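Trainee: I have a new structure open and don't know where to start. Could you walk me through how to read it?

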Amino acid sequence: INSLFRGLGFNRFPDDVKKLALGEVVEVSQEVKKASQVTGGLFDMGPDRDHPAYNAGYDLIDTKKKLDSLVKKCLLSSIIAIDTETTGLNPMEAELCGVSISIGEGDGSYIPTKCAEKHLAKDVVIEALRPILENESIEKVGHNIKYDLVVLHNVGVEVRGVLHDTLIAAWLIDASRSGYSMDAVALGTLDYE
C-alpha cells in the first residue's frame, strides 16, 4: 500500500491507512477538519474568508494605465514569476492568450491578449512587457519555463536573465513523484491546494 500511495503522490496518508487497516483509531487533525468545512470555489464567499486567496492582490490588467503601473513595479523587482496562457500544448503552434506575472507572495496579475475588443491588443502587451522580459538583471521564475520561452520567442520576445524552473526543481527534490503539474507540486511541496 505504501508504494501505491507514494506512487500516486499521496505522501501524507500511508501511516493513517496502515493504522486503519490494523483497526487503530486515527485522530483527524484540526487542519483537516477545517479544510473539510470549506465549500465552493476559490472566489466563493463561503465560511473561510481568511483564506489567503481572499486577501491576495490579484489583478486583471485590461487597460493601458494598469499595464504601465505593472511594468513600473516589475522594473523595480529583481525577480518575477511568469506564465503564459495559450491555445494549445504545442508551444510551436500555440497562440498566446495571456501572460501572468507575480512579483511576490499574494501578488499576481493576468494580462489577457487574445481578444483585443475586450482587452489590450497583443502587440501592445508584448511591447510593454519587453523591457521586463528582456532585462538581464531581472530573474524569471516559471513552471516548465521552457514552454513559456518558446511561446514568447514566437511573438518576438527573447527572454533574458537568470531563469528558474520550478518543475525541474520539484524533480530534483523528489524524482519519485508521479506527477509534476503545478497543482501537484504546490500540494506536495507547500501543502497548498
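Mentor: Let's go through the overall make-up, then a helix pair, the strands and two loop residues. Keep in mind that this is a predicted model.

Trainee: Fine. How many helices and strands does the protein have?

Mentor: There are nine helices and six strands. The protein has 193 residues, and 27% of them count as buried. You can also ask how far apart in sequence the contacting residues lie. Taking contacts between residues at least 6 apart in sequence, 50% join residues at least 24 apart.

Trainee: Now the helices. How do I describe two packed helices?

Mentor: You use two things: the angle between their axes and the distance between those axes. Try it on α5, residues 64–75, and α6, residues 122–133: their axes come within 9 Å and cross at roughly 15°.

Trainee: What does that angle tell me about how α5 and α6 run?

Mentor: An angle under 35 degrees counts as roughly parallel, and therefore α5 and α6 are roughly parallel to each other. The crossing of α5 past α6 is right-handed.

Trainee: Which residues of α5 and α6 meet?

Mentor: On the α5 side you'll find Lys64, Leu67, Val71, Cys74 and Leu75. They meet Val124, Val125, Ala128, Leu129, Pro131 and Ile132 of α6. Sorted by character, the residues of this contact are 10 nonpolar, no polar and one charged.

Trainee: On to strands. What should I know about side chains in a regular strand?

Mentor: They alternate between the two faces of the sheet. Beyond that, ask who pairs with whom, and in which sense. Begin with β4, residues 107–112. It runs parallel to β1, residues 57–60, and four bridges join them; one to look up is tyrosine 58, whose bridge partner in β4 is glycine 108.

Trainee: And how do β3 and β4 run, parallel or antiparallel?

Mentor: Antiparallel, joined by five bridges. Serine 100, for instance, stands opposite tyrosine 110 in β4. β3 and β4 form a hairpin with two residues between them, and glycine 106 in the turn has a positive phi of about 75°.

Trainee: Why is β4 described as largely enclosed by the rest of the structure?

Mentor: Because five of its six residues are buried. Buried here means under 20% relative accessible area.

Trainee: Which strands pair with β5?

Mentor: One is β2, residues 79–86, which runs parallel to β5 and is joined to it by three bridges. Another is β6, residues 163–165, again paired with β5 in the parallel sense over three bridges. Valine 141 is a handy residue to click on: alanine 81 stands opposite it, and its bridge partner in β6 is histidine 164.

Trainee: Last topic: loops. Where is asparagine 144, and what is its phi?

Mentor: Asparagine 144 is in the loop between β5 (139–142) and α7 (145–154). Its phi is near 60°, a positive value in a residue other than glycine. With a relative accessibility of 32%, asparagine 144 counts as partly exposed, because that label covers values between 20% and 50%.

Trainee: What about glycine 88: where does it sit and what does it touch?

Mentor: Glycine 88 lies in the loop between β2 and β3 (96–104). Its relative accessible area is 29%, so it is partly exposed. If you set aside neighbours within four places in sequence, glycine 88 is in contact with Ala94 and Tyr147.

Terms used. Residues numbered from 1 in each chain as written. Predicted model: local features only at pLDDT ≥ 70, side-chain atom pairs only at ≥ 80, totals over all residues. Heavy atoms only, no water. Buried < 20%, exposed > 50% of the residue type's maximum accessible area, 1.4 Å probe, protein only. Axes fitted to C-alpha atoms, helices over the stretch in contact; angles between N-to-C directions. Parallel < 35°, antiparallel > 145°, perpendicular 65-115°, else oblique. Left-handed = near helix turned anticlockwise from the far one by under 90°. Contact = heavy atoms within 4.5 Å. Nonpolar A, V, L, I, M, F, W, Y, C, P; charged D, E, K, R; others polar. Pairing = 2+ DSSP bridges.
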